[in-house]
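Please work through the following exercises with the sequence and the model at hand. Each task is followed by a solution in steps.

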Amino acid sequence: MDKRKIILDCDPGHDDAVAITLAGINEKIDLLGITVVAGNQTLEKTSVNALNVCQCLGLDVPVYAGCGQPMIREKMVAADIHGETGLDGPVFEPLKKKLEDQHAVLYMIDTLMKSDGDITVVTTGPMTNLGMAMRLEPAIIPKIQEIVLMGGAYTNGNVTPAAEFNIIADADAAYVAFTSGRPITMVGLDVTRKALCYPSIVERMGKIGNKASKLFVDLMKHFCASQKAVFGWEGGPLHDPITIAYLIDPSILTTKPMHAEIDIRSTQSYGRTNCDYFGYQKKEPNANVGIDIDVEKFWDLVEDNLKKYS
């Protein structure tokens, strides 16, 4: 079986942590490296979080710290959802796993340049690292097999009526990626809001009874409580792991080709992913945009992957 080679660029983050859990053990995924960006919390905190998750799960995957601030705009974090550490809830053992010395952007460039054009870049945070890598070395662009991102929405945002967090946190970097000409699959709020982690899901995963299921439960107890406090939802939408689930089993997601543009000029709608659902503009589609998800199949996949851990 040919494994899908990926670089996972993330800002852990509770849902990023679950994405790492799926990518780290599935037989269809070859997780080459984890690159970390500021987003849900500062770079210092998201880097520690990525290391803690890998150490907790016993994943021998290199972790690279990247950009600590957006390309242009001021930095923003999501402490109201993810807490002071960015990963509030779990209690981790003393951290022994270390960051790699190389900067994440340089790691991306080196890895892609040495590849046969068979690496997918998955972004589950602001797209700063990828945008900077594309600007620093444009020769990597044709080397990217596909960009799969959690971000955006063709309907409503979650920071403003227009914008989703990962895009508004660095819309300029998203603009670079969306205008790169590479194949893009956008896993936005339109589908991730359907994957709500209700208490029954947390209970179901907890019954597995291994280190991965314990981590999942500890993560989701905080994540779901914060989502309820902020949005009033009984279950938190598990955004980021859907990118990995899609790569493992594409039938989980229904996508529609659309022309998508990132708004980096306006004030009210800065960071909006303007997706031409009905083809009004008569422009060539540049993204496959998620429009529906098989929720039952998604949770089955999450459960199956948690069971793979000892």
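Contact means heavy atoms within 4.5 Å. Helices (H or I, at least four residues) and strands (E, at least two) are DSSP runs, numbered from the N terminus. Axes are lines fitted to C-alpha atoms, for helices over the stretch in contact, and angles run from 0 to 180 degrees between N-to-C directions. The model is predicted: local features need pLDDT of at least 70, side-chain atom pairs count only at pLDDT 80 or more, and totals for chains, interfaces and linings use all residues. Residues are numbered from 1 along each chain as its sequence is written, and side-chain values use heavy atoms, with hydrogens and water left out.

**Exercise 1.** Determine the strand order of the open sheet and explain which strands stand at the edges.

Solution. Step 1: strands pair if DSSP finds at least two bridges between them. Step 2: the eight strands follow the order S3-S2-S1-S4-S5-S6-S12-S9, with mixed pairing. Step 3: S3 (63-65) and S9 (253-258) each have a single partner strand, so one side of each lacks a neighbour in the sheet. Step 4: from one strand to the next, the twist averages 25 degrees.

**Exercise 2.** Describe the pairing and the side chains of S6.

Solution. Step 1: S6 (residues 184-187) runs parallel to S12 (residues 287-293), and two bridges join them; here Thr185 stands opposite Asn288. Step 2: four bridges join S5 to S6, also a parallel pair, and Leu149 stands opposite Met186. Step 3: in a regular strand the side chains alternate between the two faces of the sheet. Step 4: Ile184 and Met186 point one way from S6, Thr185 and Val187 the other way, and all are buried (under 20% relative accessible area; exposed is over 50%, partly exposed in between, with a 1.4 Å probe and protein chains only).

**Exercise 3.** State which strands H2 and H4 meet.

Solution. Step 1: H2 (residues 43-57) lies across S2 (29-36) and S3, at about 150 degrees to S2. Step 2: H4 (residues 104-113) packs on the sheet and touches S1 (4-10), S2, S3, S4 (119-123) and S5 (144-150). Step 3: the direction of H4 makes about 150 degrees with that of S2.

**Exercise 4.** Analyse how H11 meets H12.

Solution. Step 1: the axes of H11 (residues 241-248) and H12 (residues 295-306) come within 11 Å and cross at roughly 90 degrees. Step 2: H11 is therefore roughly perpendicular to H12 (65 to 115 degrees; under 35 is roughly parallel, over 145 roughly antiparallel, the rest oblique). Step 3: Pro241, Ile242, Ala245 and Ile248 in H11 meet Phe298, Leu301 and Asn305 in H12. Step 4: of H12, Phe298, Leu301 and Asn305 are among the buried residues.
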